[in-house]
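Below is a colleague's note, set out as numbered points, to be read beside the model. Please follow each point on the structure itself.

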Amino acid sequence: MVGTFRRVMLLAGALVLFAGLSMAQMGTFIGRVVGPDGKPAKDIVIKIERTDIKGSWKTKTNKKGEWIYSGMQSGGRYSISCEVEGKEMDRVNNVRSQMGDPVEVDLCNLQKVAAKNAAMQKAMESGQMTQEMARDMTPEQKAQMEKVLKERSETMKKNKALNEAFNTGMTAMQAKDYPAAIDALTKASEMDPKQNAIWANLAGAHEGLGGTQTGDAQAASYTKATEAYNKALELRPDDAGLHNNYGLLMAKQKNLAGAAAELDKAAALNPTGAGQYYFNLGAIMVNTAQTDAAIAAFKKCTEADPKYANCWYYYGNSLSGKMQIQGDKVIPPDGMVAALEKYLELDPNGAHVEAAKGLLSTVTTSVQTNYVNPDAKKAPAKKTKK
């Protein structure tokens, strides 16, 4: 009986010994996940895959961003990764488990991962990459990099030819050699039809050529300019300067409604420059003898830019056409006197001072002679391109 008991105890001791040896051969992995904001990230999925033999396990981080997984066979090789919403964010390969102290895995600092990915993307776009980055690249990233470098080389060749054509066109524009400018800028537009600056300057070249022509030749050049402006505006519909210049072209084509619409768009897109755009619109209306439309445009100019002296002068000047004579007195329309006085206040030495004073004198004295407005037959100051 005693012998039987001793055998049982020996067997039990052996089992405990073997269990102890078995547990001592198991390893533990631990880690901590930091979110993009630098704070601990909870519920991040940690995947552990054994690479020397088949096996995979999962766990999640706690509210402190910590994770732990025990029972890994000592000496095994593992690949450990983290996932956020099903997307792998980071991975560490060739991790070995060991007996004794847990193996801490430096994995998934999402703040560093985001910075690293951004740097990698920038490097791949530029073609400039450090050796350290190259070592960290996956086969897919290396393949992408090779593709980027090839495309970059082709783009550089294309850009060199494009820049040469564009610069040739701009040089010809400055010399007012419009045919040469059109030829060079047309070539540039064929190389890269997505550059609004090319189309805008090509439009200017056709418009410039049209200004040296008459009749059907001029109409044809203005039509080509219109096509180029439309191309530019397709690419940059929010460019106030383009709308301004297109509107001025429309005025040359006698499309006054279209010109007004384009200049209104320019003013809406660039409120700080609205005064100039409305001044241009008013000038168009004066030159086409549309007094009411000119008055409305110059009034908008004064509202958009109250310190724009010439707007006040031409507003008052346009209103002067509506003066009436009652008996021996000249009755000015509402706003005329105030507009001319504002002009004199803003620009007391301006080009229109004498004309403004002359207009004001007609409404402060009895009618004795017929006053002739010095600017009556003059167009407003030259319209400006943006």
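1. The pairing of strand β5 (residues 77–84) with strand β6 (residues 87–96) is antiparallel and runs over seven bridges. The model under discussion is a predicted one, and the points that follow should be read with that in mind. Within this pair of strands, the residue of β6 that stands opposite Ile80 is Val92.

2. The hairpin formed by β5 and β6 has two residues between the strands, and in this hairpin Glu85 adopts a positive phi, near 55 degrees. A reader inspecting the backbone here may wish to look at Glu85 together with the antiparallel ladder of seven bridges between β5 and β6.

3. A separate point concerns Thr61, which is located in the loop that joins the neighbourhood of two strands, lying between β3 (56–60) and β4 (66–73). Is Thr61 buried or exposed? Its relative accessible area is 3%, and because the cut-off for a buried residue is under 20%, Thr61 counts as buried.

4. The side chain of Thr61 has two polar partners that deserve to be checked on the model, both of them backbone atoms: the backbone oxygen of Ala41, reached at 2.7 Å, and the backbone nitrogen of Asp43, reached at 2.9 Å. When neighbours within four places in sequence are left aside, the residues in contact with Thr61 are Val33, Ala41, Lys42, Asp43, Ile44, Ile46, Glu66 and Trp67, a list that includes Ala41 and Asp43.

5. Turning to the helices, α10 (residues 274–287) and α11 (residues 291–304) pack with their axes 8 Å apart and at an angle of about 165 degrees. Because angles over 145 degrees count as roughly antiparallel, α10 and α11 are described as roughly antiparallel to each other. The crossing in which α10 passes α11 is left-handed. On the side of α10 the contact is made by Ala274, Gly275, Tyr278, Phe279, Leu281, Gly282, Ala283, Met285 and Val286, and on the side of α11 by Ala293, Ala294, Ala297, Phe298, Lys300, Cys301 and Ala304.

6. The last point is Ala309, whose place is in helix α12 (residues 309–319). Ala309 has a relative accessibility of 12% and therefore counts as buried. Which residues is Ala309 in contact with, leaving aside its neighbours within four places in sequence? They are Tyr343, Leu346 and Asp347. As for Leu346, this residue is 37 residues apart from Ala309 along the chain, while the C-alpha atoms of the two are separated by 5.7 Å.

Notes
Residues numbered from 1 in each chain as written. Predicted model: local features only at pLDDT ≥ 70, side-chain atom pairs only at ≥ 80, totals over all residues. Heavy atoms only, no water. Pairing = 2+ DSSP bridges. Helix = DSSP H or I, 4+ residues; strand = E, 2+ residues; numbered from the N terminus. Buried < 20%, exposed > 50% of the residue type's maximum accessible area, 1.4 Å probe, protein only. Polar contact = N/O pair within 3.5 Å; in protein donor to acceptor, adjacent residues only side chain to side chain. Contact = heavy atoms within 4.5 Å. Axes fitted to C-alpha atoms, helices over the stretch in contact; angles between N-to-C directions. Parallel < 35°, antiparallel > 145°, perpendicular 65-115°, else oblique. Left-handed = near helix turned anticlockwise from the far one by under 90°.
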